[in-house]
Every structure is written in structure tokens, then in C-alpha cells.
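Here is a short briefing to read beside the structure. Keep the sequence open as you go.

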Amino acid sequence: LHHSLLTFFTISSPSPRTKLRFPRMDAATATTFHHHRRKDKVVVIMGATGSGKSRLSVDLATLFFPFSEILNSDKMQVYSDLDITTNKIPIHQRRGVPHHLLGEVDPSAGEFSPSDFRHRAGEIISDVINRRKLPIIVGGSNSFIHALLVERFDPELNMFDTESSSPSSLVISSELRYNCCFLWVDVSFPVLSEYLIKRVDDMLDSGMVDELAQFFDPNATEEMNRTGLRKAIGVPELDGFFKEHPPGSIKDEDRVWKGAYNEAVRAIKDNTCKLAKKQIGKILRLKKAGWDLHRIDATEAFTAALTSDDSWSDIWERQVLEPSVKILNCFLME
Ligand code: ATP
């Protein structure tokens, strides 16, 4: 290279304590880096629910600010409504980074399919790249990520339908339509489960039940209830509870509802852990199919956070952010 692609600076965000040095893209780099190869470059942050993908995406986007934008690939977070239940990153944590397809789709219009995602996200990526910015795709829905990235997508085939006997469901193409840098944030399953169980308690404390009570429609029939959000974890579990104990009718001294409520909470925790396990299984299948995923182990940072050890953010920066930046740096210089 005749000129340095990257300039370096000492990071002041996310933690002023950090001594790490991170690359920062300058304007000249931003206008040229997409065209070093025939295919457009995108960054893809994968991982199970709760593994810290959103945090990493904003950490990276902040370093590349204002030359990157985030595109959500969580199939429940594309919809407006249920922000607590679906765990959308709150606005103040987005640190000014533009986020696309986050809460933009009307859930009452029915399900937003992998084909819809491929189409809409593809348009957004073109637009971001035309504005000389780097798209950072982040979210746990591997069917969305697959649909978006494969060169040829067949909407009739569900690649992750392990129950299907169709042999085509087992073949995942590694031919991709973008030049992708994959970062897979992984957390050992027992540690992640412990974190997810605590996260559900935090979501309940933040008003998840009220949010779902407003969403609950006692008169909805199976036919009417076609909203894209009906499958979000928390909706079916609490719908059953609200049918027995309609919102507004609950009296604190009533012991019966407490039993039913605890049962619903247990189901939410259980289903969240099951979701994480399934997502990890799908990521492993993509890796096996030849997708070049860089695994970043965030277990130690999570272990520290779970024990309220203040050093967790230093560990995060050292073990998650710094390796991610190195990988991204190499990718951008290719
Ligand atoms: P599948 O084909 O099983 O739907 P996927 O890769 O398309 O998998 P996932 O993100 O793994 O999508 O979501 C699977 C299911 O997990 C969703 O249909 C929903 O029930 C639940 N789920 C996923 N993300 C969320 C979320 N943010 N909030 C609540 N529930 C979620």
C-alpha cells in the first residue's frame, strides 16, 4: 500500500481507562476501502442471544465513527413495539450510531420473512456503501443472516430446519454476495445461561409484564393473531397467564396468580436458554459449511460481570474488543 490505510489513536470510548490503541478510519480510507475487492465489504457480528453482540457493534462503530452504520438482524427486533421483551438496545446505548431495521417494521402487517429481510437489508447495505460507510450487521437470527448473505437464496428452503427430511436443508452454501468479516461472540453455555436467567429478572424489573399486558388482546382469535411478534419469547408464555388472570384483575394477596406467574417466568427463562443453544448450533453449522467465522471468547468478561467484578469492562476490552479490532483492521486493509 502506498499510503497508510489507517490512522491510530488512543481510544477515549468506551472506557477512558483503557490503554489500548485502536485504529480509526479517516475520510480517505472510508472512501476507498470498499473497492479493494470486487465485492462490497460488510462486517457481521453473530452470537447467541445475550452474548454482547450489540455492545460490540456499538464499540466498533464508535471507533469507526462516523464511517459505519449498524443494521439489525434480529428477527424480533425488526418490529416496532415490545422493546423490553425483545431486548432492543436502548437509544442512549447506541451512542449516536445510526441503527437500521431496528423497530421499523409494523408487526400487525404479518411476519417479516427472511426474503423480506434479504430485500430490505440489501437495499440498506447498498445505501450505506454508496455513502462510503461500512455496514455492521448485528443480530442473532441466523436465518436472516443466511438469507441476506448467500449469493443465491431460495425462499422455499429453510436451511436450518433440522426436523425436515429434505436433503437440501442440509446444504448451506458458502458462496456469499458480500466480502464478509464475521465476528462470532461466544460465551460458554453454563455462564451464558446464568446470565440469561438474570437478564430475564432484569427485564421483568424494567416493566416487561406491563409491556406484554398492553400487547395482550383477550379477543384475538388464532386467525386474527398474525402479528409478527406473536412468537417473541414472553408473548406466548404470558398470554396463557393473562387469559387466566386478565391484566387489571390481579390482587396482590391472591396466591393462585403467583403460582401461574412464576410458572410463566420459568418458561420464559427456559425458552431463552433453549433459544441460545439453538442459535449456537446454527452458528456451528455455518462454520462447518465453510463460513469464515472468527470466534471471540467473551466468557471471562461475563464471569466477571456476573460476580459484579468491576474489572469486567477491562476484560471485555482486552479479550473481546481488541481482538475484534485487529481482525477488522486486517479485513479493511485486505
Ligand atoms: P428460527 O428459524 O428458529 O425462527 P432464526 O435464526 O430465524 O430461527 P432466531 O433469532 O434464532 O431466528 O429466533 C428464533 C425464535 O426465537 C423466534 O421466532 C422467537 O420466538 C425467538 N426470539 C428470537 N429473538 C428474539 C428476541 N429478540 N426477543 C424475543 N424472542 C426472540
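The points below cover domains, sheet, core, ligand shell and backbone details.

This is a predicted model. The domain assignment gives domain 1 (6-188 + 290-333) and domain 2 (195-270). An open sheet of six strands is present, with parallel pairing. The largest nonpolar core has 77 residues, and 17 residues surround the ligand.

**Domains and their contact**

- In the domain assignment, domain 1 is written as two segments, 6-188 and 290-333, and domain 2 as 195-270.
- Contact between them involves 16 residues of domain 1 and 16 residues of domain 2.
- On the domain 1 side of that contact, nine residues are nonpolar, five are polar and two are charged.

**The sheet**

- The strand order is β5-β4-β6-β3-β7-β8.
- β5 and β8 (293-297) stand at the edges with a single partner strand each, so one side of each has no neighbour in the sheet.
- At one edge, β8 runs parallel to β7 (residues 179-186), and five bridges join the two.
- Val185 has Ile296 in β8 as its bridge partner.
- At the other edge, two bridges join β5 to β4, again in parallel.
- Leu71 stands opposite His100 in β5.
- β4 also runs parallel to β6, through five bridges.
- Ile70 faces Ile136 of β6 as its opposite residue.
- Strands of a sheet pair through backbone hydrogen bonds.

**Strand β4 up close**

- Five of the five residues of β4 are buried, so the strand is largely enclosed by the rest of the structure.
- Ser68, Ile70 and Asn72 point one way from β4, while Glu69 and Leu71 point the other way.
- Both sets are buried, including the charged residue Glu69.
- In a regular strand the side chains alternate between the two faces of the sheet.

**The nonpolar core**

- Within the 77-residue core, the residues with the most contacts are Val43, Val44, Ile45, Ile136, Ile137 and Leu183.
- The largest share of this core, eight residues, comes from α8.
- Domain 1 and domain 2 both give residues to this core, so it lies between them.
- Leaving out residues up to four places away in sequence, Ile137 touches Val42, Val43, Val44, Ile45, Leu71, Ser73 and Ile145.
- In soluble globular proteins, nonpolar side chains tend to be buried together.

**Around the ligand**

- Which of the 17 residues around the ligand come nearest? They are Met76, Thr86, Ser141, Ser143 and Ile233.
- The elements that give two or more residues to this shell are α4 (142-149) and α8 (255-288).
- The largest share, three residues, comes from α8.
- By class, the shell has eight polar, five nonpolar and four charged residues.
- Domain 1 and domain 2 each supply at least three residues to the shell.

**Covered helices**

- α4 is mostly covered, with seven of its eight residues buried.
- Those buried residues are Asn142, Phe144, Ile145, His146, Ala147, Leu148 and Leu149.
- Is α2 (53-63) enclosed or open? Eleven of its eleven residues are buried, so α2 is largely enclosed by the rest of the structure.
- The buried residues of α2 include Lys53, Arg55 and Asp59, which count as charged.
- Leu56, Val58, Leu60, Ala61 and Leu63 are also among the buried residues of α2.

**Backbone points to check**

- The peptide bond from Phe65 to Pro66 is cis, with omega near 0 degrees.
- Pro66 lies in the loop between α2 (53-63) and β4 (68-72).
- Leu101 is not a glycine, yet has a positive phi of about 55 degrees.
- Leu101 sits in the loop between β5 (99-100) and α3 (114-130).
- Leu101 has 22 other C-beta atoms within 10 Å, and is therefore buried.
- Arg132 is another residue other than glycine with a positive phi, here near 60 degrees.
- The loop that holds Arg132 runs between α3 and β6 (134-138).
- Arg132 counts as partly exposed because it has 15 C-beta neighbours inside 10 Å.

Definitions and conventions:
Residues are numbered from 1 along each chain as its sequence is written. This is a predicted model: local features need pLDDT of at least 70, side-chain atom pairs count only at pLDDT 80 or more; totals for chains, interfaces and linings use all residues. Helices (H or I, at least four residues) and strands (E, at least two) are DSSP runs, numbered from the N terminus. A residue is buried if 20 or more other C-beta atoms lie within 10 Å of its own, exposed if 12 or fewer, and partly exposed in between; C-beta atoms are placed from the backbone. A residue is near a molecule or strand if its C-beta atom, placed from the backbone, lies within 6 Å of it. Domain bounds come from an automatic or database domain assignment. Two residues are in contact if their C-beta atoms, placed from the backbone, lie within 7 Å. A nonpolar core is a set of buried Ala, Val, Leu, Ile, Met, Phe, Trp, Tyr and Cys residues joined through C-beta atoms within 7 Å. Two strands pair if DSSP finds at least two bridges between them.
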